[in-house]
Amino acid sequence: MKKGLVILLALAMVFTIAACSNNQTVSDENTEIVNAGDPIRVTTLSELEGTSVGQVMVQALIYNGYEVDDRTGASASVDVMRSALLNREVDLIWDYDGDAVSYFDTEWDPFFVYMEGWQAIHDWDLENNQLVWMSPSQANNNGLIACTREFAEANGLENMDDFAEYVNNGGEVLLVAPDWWINGEYKLPLMEEKYGFELDRDSQFIVVDGLNEKMVADGVDGANFCLIFNNQGSLNELDMVAIEDNQNSVLRYSYCPVATQELMDKYPEIADILNPIFSGLTDEDVRWLNEQIQINGRPGSEVAIEYLTDKGFIE
């Protein structure tokens with residue numbers, strides 16, 4: 001069999017499995033289906049949060065009587081997911097507002113500030129692609145520097161002003177991170193410029209391909225700082241803290257439901273369902289969701305139902 005055909009078949013199997021593996025519903029007692037025979041096609045990224053946050057969205061819709069074609073976790077990249085929405089292959093996704101700097105020619109400045117970047121992509125996508133960006137989360141999954149809680153407390157490291165003072169006063173730093181962040185545009189160099197410190201590229205880094213917060217938690221090779229994404233589920237388990245970017249030096253990445261205008265025209269009440277959920281979503285909430293799936297091995301649908309129940313969105 002040709003290699004290309006094998007790949008296509010494999011992808012089809014993965015997509016089918018992903019689409020069918022998350023079909024647990026909140027309750028079988030909801031007999032009145034709002035959109036019978038017209039399921040809302042939902043896809044999300046294949047990374048962990050595609051399932052954790054994605055299932056919150058899916059289970060909220062199911063509880064409110066919507067039939068859902070659940071493809072959470074089926075999109076291999078942001079480009080794949082967004083293309084599916086633009087091409088009307090799906091009806092609903094969630095996306096980060098910070099990703100929007102690559103979607104259209106825009107100034108980046110608004111995307112460092114809560115709500116401002118969201119407003120920019122909301123207006124542009126509605127006009128140009130008839131896509132509706134619903135409320136952004138308070139939760140912000142940007143890339144931050146982290147260390148153990150014990151180290152942070154011992155050195156008074158709550159925010160990046162504290163970190164800059166620590167560095168400039170000769171504090172020891174051995175930071176674990178990938179090269180794309182160490183030297184990438186709008187990554188660490190922007191932090192250094194904003195806060196007024198500079199790390200030596202030859203002596204103060206352990207360069208890794210991805211993220212490795214466990215090296216810091218375990219003190220491997222003297223590593224005491226690392227890059228993390230703010231809402232990683234492993235932070236609580238490893239008793240680590242993200243150092244606050246108190247001057248907004250890096251792009252915000254709020255979670256936002258994004259739907260086609262056609263879907264919202266048919267079922268405008270979807271905004272009333274999802275907006276309160278996402279606008280109330282905090283960093284602590286997403287970390288808990290991720291931890292339950294990543295660390296405790298629980299199904300995303302089960303975790304989402306518990307979260308929505310605890311927050312009073314479902315009964």
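Let's start with strand β8, residues 225–229, in this predicted model. Four of the five residues of β8 are buried, so the strand is largely enclosed by the rest of the structure. It has partners, too. With β5, strand β8 pairs in the antiparallel sense over four bridges, and you can pick out Ile145 standing opposite Leu227 of β8. Strand β6, residues 175–177, also pairs with β8, this time in the parallel sense and over two bridges. To find that pairing on screen, look for Val176, whose bridge partner in β8 is Cys226.

From β5 it is an easy step to helix α8, since β5 (143–148) is among the elements that cover the buried residues of α8. The others listed there include α6 (160–168), α7 (179–182) and β7 (205–207). Which residues of α8 are buried? In this helix, residues 188–195, they are Leu188, Met191, Glu192 and Tyr195. Look down the axis of α8 and these buried residues fall within an arc of 100°, so they line one face of the helix.

Leu188 deserves a closer look. This residue lies in helix α8, and it counts as buried because its relative accessible area is 0%, where the cut-off is under 20%. Leaving aside residues up to four places away in sequence, Leu188 touches Ile145, Trp181, Ile182, Phe197, Leu199, Arg201 and Phe205. You have met Ile145 already, as the residue opposite Leu227 in β8. Leu188 and Glu198 are 10 residues apart along the chain, and their C-alpha atoms are separated by 9.4 Å.

Now look at what comes before and after this helix. In the loop between α7 and α8 sits Tyr186. Its phi is near 65°, a positive value in a residue other than glycine. Is Tyr186 buried or partly exposed? At 28% relative accessibility, Tyr186 counts as partly exposed. Just after α8 comes Gly196, and Gly196 takes a positive phi of about 80°.

Next, move to an earlier part of the chain, where β1, α2 and β2 make a right-handed β-α-β unit. Strand β1, residues 40–45, pairs with β2 in the parallel sense over five bridges. One of the places to see this is Leu45, whose bridge partner in β2 is Ser75. Strand β2 covers residues 68–75 and is mostly covered itself, with six of its eight residues buried.

The helix of that unit, α2, is worth following from end to end. Helix α2 has 16 residues, 48–63, and at 1.5 Å a residue it should span 22 Å; its end C-alpha atoms are 23 Å apart, which agrees. There is still a kink in α2, of about 30°, centred on Gly54. How many of the residues of α2 are buried? The count is 14 of the 16, so α2 is largely enclosed by the rest of the structure. Just after α2, Gly65 takes a positive phi of about 95°.

Helix α2 also leads us to α14, because it turns up in the cover of that helix: what covers the buried residues of α14 includes α2, α12 (269–279) and α13 (283–294). Helix α14 itself runs over residues 300–310, and its buried residues are Gly300, Ser301, Val303, Ala304, Ile305, Tyr307 and Leu308. After α14 comes Gly312, with a positive phi near 85°.

Two loop residues round off the tour. Met115 lies in the loop between β3 (92–96) and α4 (116–129). Although Met115 is not a glycine, it has a positive phi of about 80°. With 32% relative accessibility, Met115 counts as partly exposed.

The other loop residue is Ser135, placed between β4 (131–133) and β5. What does Ser135 touch, not counting residues up to four places away in sequence? Its contacts are Trp118, Tyr255, Cys256, Pro257, Asn275, Phe278 and Ser279. Take Trp118 from that set: Ser135 and Trp118 are 17 residues apart in sequence and 8.4 Å apart in space, C-alpha to C-alpha.

Technical notes: Residues are numbered from 1 along each chain as its sequence is written. This is a predicted model: local features need pLDDT of at least 70, side-chain atom pairs count only at pLDDT 80 or more; totals for chains, interfaces and linings use all residues. Side-chain values use heavy atoms; hydrogens and water are left out. The expected span of a helix is 1.5 Å times one less than its number of residues. The bend at a residue is the angle between axes fitted to the seven residues ending there and the seven starting there. Buried means under 20% relative accessible area, exposed over 50%, partly exposed in between (1.4 Å probe, protein chains only). The arc is that of the directions from the helix axis to the C-beta atoms. Contact means heavy atoms within 4.5 Å. Two strands pair if DSSP finds at least two bridges between them. A crossover is right-handed if, with the strands pointing away from the viewer, the path from the first strand over the helix to the second runs clockwise.
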